[in-house]
Amino acid sequence: MLGNFSYCNPTKLYFGEDSLSNLREELPKYGKNVMLVYGGGSIKRSGIYDQVVKLLDEGGKNIFEDPGVMPNPTVEKLYEGCRIARENQVDLILAVGGGSVCDYAKAVSVSAHCEEDPWEKYYLRMEDVDNRIIPVGCVLTMVGTGSEMNGGAVITNHKTKLKIGHVFGENVFPKFSILNPAFTFTLPRYQMIAGFYDIMSHILEQYFSGEDDNTSDYIMEGLLKSLIHSARIAAEHPTDYEARSNIMWIATWALNTLVAKGKTTDWMVHMIGQSIGAYTDATHGMTLSAVSMAYYRFIMPYGLAKFRRFAVNVWDVNPEGQSDEAVAEEGLVRMERYMRELGLVMDIRELGVTEEMLDGIAAGTFAMDGGYRAPDHDEIVEILKASMA
Ligand code: NZQ
Ligand code: ZN
């Protein structure tokens with residue numbers, strides 16, 4: 001393990017079919033005023049809303065609702081949430097939904113008592129929090145982002161065509177998260193599959209960096225193998241509890257900071273995907289799947305040894321008698337075949353991207369240099385063109 005680091009993850013997890021009842025022991029830790037944050041209504045249709053409200057009532061809480069958090073939450077919605085939290089002197093923000101709802105809750109938690117414009121402070125200037133933070137708890141209904149156990153809070157500004165994630169510190173992580181795999185059964189197939197690829201992408205973004213012998217890589221290979229196995233089963237049988245519960249657990253560990261330890265990490269697929277999201281408002285996981293193959297084929301020559309290892313250890317490619325390039329390429333071929341088998345979006349045009357947008361998407365892509373080779377503007381345009389094949 002290279003580098004110097006600390007590790008602490010303060011989020012308490014409750015996992016399993018009975019996990020929602022644990023709200024009973026969490027709620028007394030916070031004041032009376034609870035802001036209940038959710039999305040466009042799926043939790044009302046599934047009955048999760050009624051279960052949560054019952055527990056809040058039993059706990060004697062005053063509920064202030066903040067519904068309508070959209071996928072890829074906007075800066076305008078953030079301002080609205082800040083008003084609700086401030087005006088009602090909220091003691092706890094309870095997020096019930098997917099990554100968008102959890103991210104939004106964290107963004108409100110740091111912004112409600114912020115004297116400045118939170119978009120400028122946290123997203124444009126990337127400053128740390130120096131004001132009161134409202135505690136957040138999550139009840140997760142969509143699997144993929146890892147938002148339930150990290151400090152990420154991605155906000156989209158459609159006016160400036162920027163989608164930016166601020167990864168806040170441990171003081172902003174959810175205090176607790178409730179993970180009931182059965183709550184994810186009602187997800188539409190498109191969202192479910194997008195979430196599966198979001199998980200895979202999180203792991204790959206961290207795996208494809210560095211050349212040292214690093215325990216994090218071995219953990220990630222295990223997570224990938226379990227994900228590939230379970231996602232195949234869940235794609236066929238979405239209500240297979242064993243598969244869905246494994247996937248839920250993998251998603252959390254893929255992005256709760258553990259496997260990033262000792263790694264420089266890449267994140268360019270996410271940066272390109274986020275910029276596509278700013279232009280199209282497309283589903284996050286699909287923005288990643290649509291550019292991944294072009295990106296990894298671009299980067300492979302610069303990280304050949306790792307791509308060879310990926311092919312052998314994750315995709316069971318037999319390296320005997322083959323060049324490193326051939327082995328590495330076969331790994332990517334198998335990955336692409338698997339992605340198509342799941343039904344992922346593999347062409348950015350399907351997400352609404354047009355030729356005219358490519359320059360702007362590349363310009364809105366934040367450059368990261370932790371991977372094997374940071375692509376420049378023109379190379380990002382080439383990767384985008386290759387994602388239209
Ligand atoms: O709004 P509702 O009606 O709840 O519907 C949602 C939404 O339309 C629906 N849904 C969620 N759970 C459901 C359900 N429908 C039926 N049954 C259920 N159980 O699914 C749709 C998508 O939900 P959303 O929360 O937007 O998806 P996801 O979890 O993928 O979150 C995406 C957001 O997270 C950010 C993305 O950029 C995007 O803004 N990310 C956050 C990260 C983090 N915190 O670290 C990292 C990720 O890379 C990602 O960037
Ligand atoms: Zn992601």
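Q: Two strands pair if DSSP finds at least two bridges between them, so what makes β6 and β7 a pair?
A: In this predicted model, six bridges join β6 to strand β7 (residues 162–167) in the antiparallel sense. The cut-off is at least two bridges, so β6 and β7 count as paired. One of the matches puts asparagine 157 across from leucine 162 in β7. The two strands form a hairpin with four residues between them, and lysine 161 in that turn has a positive phi of about 50 degrees.

Q: How do you know that β5 pairs with β4?
A: Strand β4 (residues 92–97) and β5 share five bridges. With at least two needed, that makes them a pair, and the sense is parallel. Alanine 95, for example, has cysteine 138 in β5 as its bridge partner.

Q: And what makes β8 a partner of β5?
A: Four bridges link β5 to strand β8 (residues 176–179), and the two run parallel. Again the bar is at least two bridges, so this pair qualifies. Here valine 139 sits opposite isoleucine 178 in β8.

Q: Why is β5 called mostly covered?
A: Five of the five residues in β5 (136–140) are buried. Val136, Cys138 and Leu140 point one way, Gly137 and Val139 the other way, and all are buried. As a rule, side chains in a regular strand alternate between the two faces of the sheet.

Q: Why does the contact between ligand 1 and the side chain of aspartate 103 count as polar?
A: A nitrogen atom of ligand 1 lies 2.8 Å from an N or O atom of the aspartate 103 side chain. That is within 3.5 Å, so the pair passes. Two backbone cases pass on the strength of that cut-off: a ligand nitrogen is 2.9 Å from a polar backbone atom of phenylalanine 183, and one is 3.3 Å from a polar backbone atom of glycine 152. As for cover, ligand 1 exposes 960 Å² taken alone, and the protein buries 90% of that.

Q: What surrounds ligand 1?
A: By class, the shell has eight nonpolar, 19 polar and three charged residues. At least three residues come from each of domain 1 (12–183) and domain 2 (189–386). Of the 30 residues around the ligand, Gly40, Ser42, Gly99, Ser100 and Thr186 come nearest.

Q: Why is tryptophan 267 called buried?
A: Its relative accessible area is 14%, and buried means under 20%, so tryptophan 267 makes the cut. This tryptophan is in the loop between α9 (241–254) and α10. Its phi is positive, about 75 degrees, although it is not a glycine. For context, most residues other than glycine have a negative phi.

Q: Why does glutamine 89 count as exposed?
A: Glutamine 89 has 59% relative accessibility, and exposed means over 50%, so the label fits. You'll find glutamine 89 in the loop between α4 (75–87) and β4, with a positive phi near 45 degrees.

Q: What makes histidine 377 partly exposed?
A: Its 31% relative accessibility falls in between the 20% and 50% cut-offs, so histidine 377 is partly exposed. Histidine 377 belongs to helix α15 (residues 377–386). Its C-alpha is 5.8 Å from that of alanine 362, with their positions 15 residues apart in sequence.

Q: And why is methionine 300 buried?
A: At 10% relative accessible area, methionine 300 is under 20%, so buried is the right word. Methionine 300 lies in the loop between α11 (284–299) and α12 (304–315).

Terms used:
Residues are numbered from 1 along each chain as its sequence is written. Chains are lettered from A and ligands numbered from 1 in the order in which they are written. This is a predicted model: local features need pLDDT of at least 70, side-chain atom pairs count only at pLDDT 80 or more; totals for chains, interfaces and linings use all residues. Side-chain values use heavy atoms; hydrogens and water are left out. A residue is near a molecule or strand if one of its heavy atoms lies within 4 Å of it. A polar contact is a pair of N or O atoms within 3.5 Å; within protein, one must be able to donate a hydrogen and the other to accept it, and residues adjacent in sequence count only if both atoms are side-chain atoms. Accessible areas come from the Shrake-Rupley method with a 1.4 Å probe; for residues, only the protein chains shown count as cover. Ala, Val, Leu, Ile, Met, Phe, Trp, Tyr, Cys and Pro count as nonpolar, Asp, Glu, Lys and Arg as charged, and the others, Gly among them, as polar. Domain bounds come from an automatic or database domain assignment. Buried means under 20% relative accessible area, exposed over 50%, partly exposed in between (1.4 Å probe, protein chains only).
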